Amino acid sequence: MPFSRGESIERQEFREIDCRSDLEDISFYECVFRDCSFQSRRLSDCVFDECEFVRCNLSLVEMAGAVFTGATFTDCKLLGLNWSGTGGFLSAAYTGCLMENNLFADMNLSRFRFTSCLLANSAFSNTKLRQAVFDDCDLAQCQFHQTDLTEADFRTARNYYMNAETNRLRKTRFSLPEAVSLLANLNIVLE
C-alpha cells in the first residue's frame with residue numbers, strides 16, 4: 001500500500017507492508033503495523049501517534065524530524081537507529097526488540113520502559129533516563145555518558161557498565177552480582 005505525502009491515516013492496521021520508498025509528511029494516528037518493513041527508508045516529518053509496531057523491521061531508518069508519541073514496539077528489529085533525529089520523541093515502550101547500535105543523544109527518555117531488549121553497542125549520551133526501566137535487557141558494550149540515571153531500574157538488566165563519575169546515579173536501582181561492574185573504573189583491587 002503506497003502512502004502519499006501530506007496524508008493523514010487513522011485507526012488502520014497494516015500487515016506485511018514492504019515500504020519501498022521514503023515517507024514524507026504523513027501522519028498516522030492509532031495505527032497498527034504488523035510484520036512490516038521500513039528498512040533503510042527515510043521517515044521525514046512523519047507523525048506516529050499512539051501507533052503500535054509488531055514484528056516490524058525499522059533497521060537503518062533515518063528519522064528526519066519524525067515524531068513518535070505513545071508508540072509501542074514489540075518484537076521489532078531496530079538496528080542502527082539514531083533516535084536523536086526525531087522531531088519530538090515523547091514516549092515509547094519497547095518489548096522484545098533487537099536494538100543494537102542505537103544512538104540516544106540529548107534526549108529526555110524519562111520513564112521509558114525497555115523490556116527483554118538487546119541494546120548491545122548502543123549509546124546514551126547527555127540523556128535523561130530518570131525512572132527508566134531496563135527489565136531483562138542485555139546492555140553489552142552500551143555506553144552511558146553524561147546521562148541522568150536518577151531512580152532508573154537496572155535490577156534485572158545484565159552486561160552493563162557505567163562510570164559513576166560521568167553519570168548521575170542517584171537512587172539508581174541495581175542488583176548483585178551485576179552491580180559489581182560499577183567498581184570497574186575505580187582502580188581498586190577486589191580479592
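**Exercise 1. An aromatic pair near the end of the strand series**

Is Phe144 buried or exposed? Classify this residue in the predicted model, and then describe the aromatic pair in which Phe144 takes part.

*Solution.* Begin with the accessibility of the residue itself: Phe144 has a relative accessible area of 6%, and because buried means under 20%, Phe144 is classed as buried. Turn next to Phe134, whose relative accessibility of 1% makes that residue count as buried as well. Phe134 and Phe144 form an aromatic pair with 6.5 Å from centre to centre and 85 degrees between the planes; since planes over 60 degrees apart count as edge-to-face, the pair is edge-to-face. Finally, place the two rings in the chain: Phe134 belongs to strand β14 (residues 133-135) and Phe144 to strand β15 (residues 143-145), so the pair ties together parts that are ten residues apart in sequence.

**Exercise 2. A second aromatic pair**

Determine how the rings of Phe14 and Phe28 are arranged, and state which strands they link.

*Solution.* A search of the whole structure finds 32 aromatic pairs, and the one considered here has ring centres 6.2 Å apart with planes at 90 degrees, so the pair is edge-to-face. Phe14 sits in strand β2 (residues 13-15), while Phe28 sits in strand β4 (residues 27-29), and the pair thereby links distant parts of the chain, 14 residues apart. As to accessibility, Phe14 counts as buried at 3%, and Phe28 is buried with a relative accessible area of 0%.

**Exercise 3. The nonpolar core**

Which residues have the most contacts inside the largest nonpolar core, and which strand gives the most to this core?

*Solution.* The largest nonpolar core has 54 residues, and those with the most contacts inside it are Phe33, Phe53, Phe73, Trp83, Tyr94, Leu119 and Phe134. When the core is broken down by strand, β9 (67-74) and β10 (91-95) each supply at least two of its residues, and of the strands β9 gives the most, namely three residues.

**Exercise 4. The overall form of the chain**

Characterise the protein through its secondary structure, its extents and its radius of gyration.

*Solution.* The secondary structure comes to zero helices and 15 strands. Along the principal axes, the C-alpha trace spans about 65 × 25 × 25 Å. For 191 residues, a compact globule would have a radius of gyration near 16 Å, and the value of 18 Å found for the protein agrees with this. The sequence separation of the contacts adds a further detail: among contacts between residues at least 6 apart in sequence, 1% join residues at least 24 apart. To complete the description, 44% of the 191 residues count as buried, and the protein exposes about 9600 Å², of which carbon and sulfur atoms supply 44%.

**Exercise 5. The surroundings of Thr172**

Where in the chain is Thr172 found, and which backbone oxygens does its side chain reach?

*Solution.* Thr172 is found in the segment after β15, and with a relative accessible area of 12% this residue is buried. A polar atom of the Thr172 side chain lies 2.6 Å from the backbone oxygen of Leu149, and the side chain of Thr172 also reaches the backbone oxygen of Leu169 at 3.3 Å. When residues up to four places away in sequence are not counted, Thr172 touches Leu149, Thr150, Glu151, Ala152 and Phe154.

**Exercise 6. Three loop residues**

Describe the loop positions of Asp25, Asn101 and Arg111, together with their accessibility classes.

*Solution.* Asp25 is found in the loop between β3 (23-24) and β4, where its phi is near 55 degrees, a positive value in a residue other than glycine; its relative accessible area of 37% makes Asp25 partly exposed. Asn101 is found in the loop between β10 and β11, has a positive phi near 60 degrees although the residue is not glycine, and counts as partly exposed at 46% relative accessibility. Arg111 is placed in the loop between β11 (103-105) and β12 (113-115), and at 62% relative accessibility Arg111 counts as exposed. Leaving aside residues up to four places away in sequence, Arg111 touches Arg130, Gln131 and Ala132, whereas Arg111 and Cys97, 14 residues apart in sequence, lie 18 Å apart from C-alpha to C-alpha.

Definitions and conventions
Residues are numbered from 1 along each chain as its sequence is written. This is a predicted model: local features need pLDDT of at least 70, side-chain atom pairs count only at pLDDT 80 or more; totals for chains, interfaces and linings use all residues. Side-chain values use heavy atoms; hydrogens and water are left out. A nonpolar core is a set of buried Ala, Val, Leu, Ile, Met, Phe, Trp, Tyr and Cys residues joined through side-chain atoms within 4.5 Å. Buried means under 20% relative accessible area, exposed over 50%, partly exposed in between (1.4 Å probe, protein chains only). Helices (H or I, at least four residues) and strands (E, at least two) are DSSP runs, numbered from the N terminus. Rings of Phe, Tyr and Trp (its six-membered ring) pair if their centres lie within 6.5 Å; planes under 30 degrees apart count as stacked, over 60 as edge-to-face and the rest as tilted. Contact means heavy atoms within 4.5 Å. The radius of gyration is taken over C-alpha atoms; the globule rule is 2.2 Å times the number of residues to the power 0.38. Accessible areas come from the Shrake-Rupley method with a 1.4 Å probe; for residues, only the protein chains shown count as cover. A polar contact is a pair of N or O atoms within 3.5 Å; within protein, one must be able to donate a hydrogen and the other to accept it, and residues adjacent in sequence count only if both atoms are side-chain atoms.
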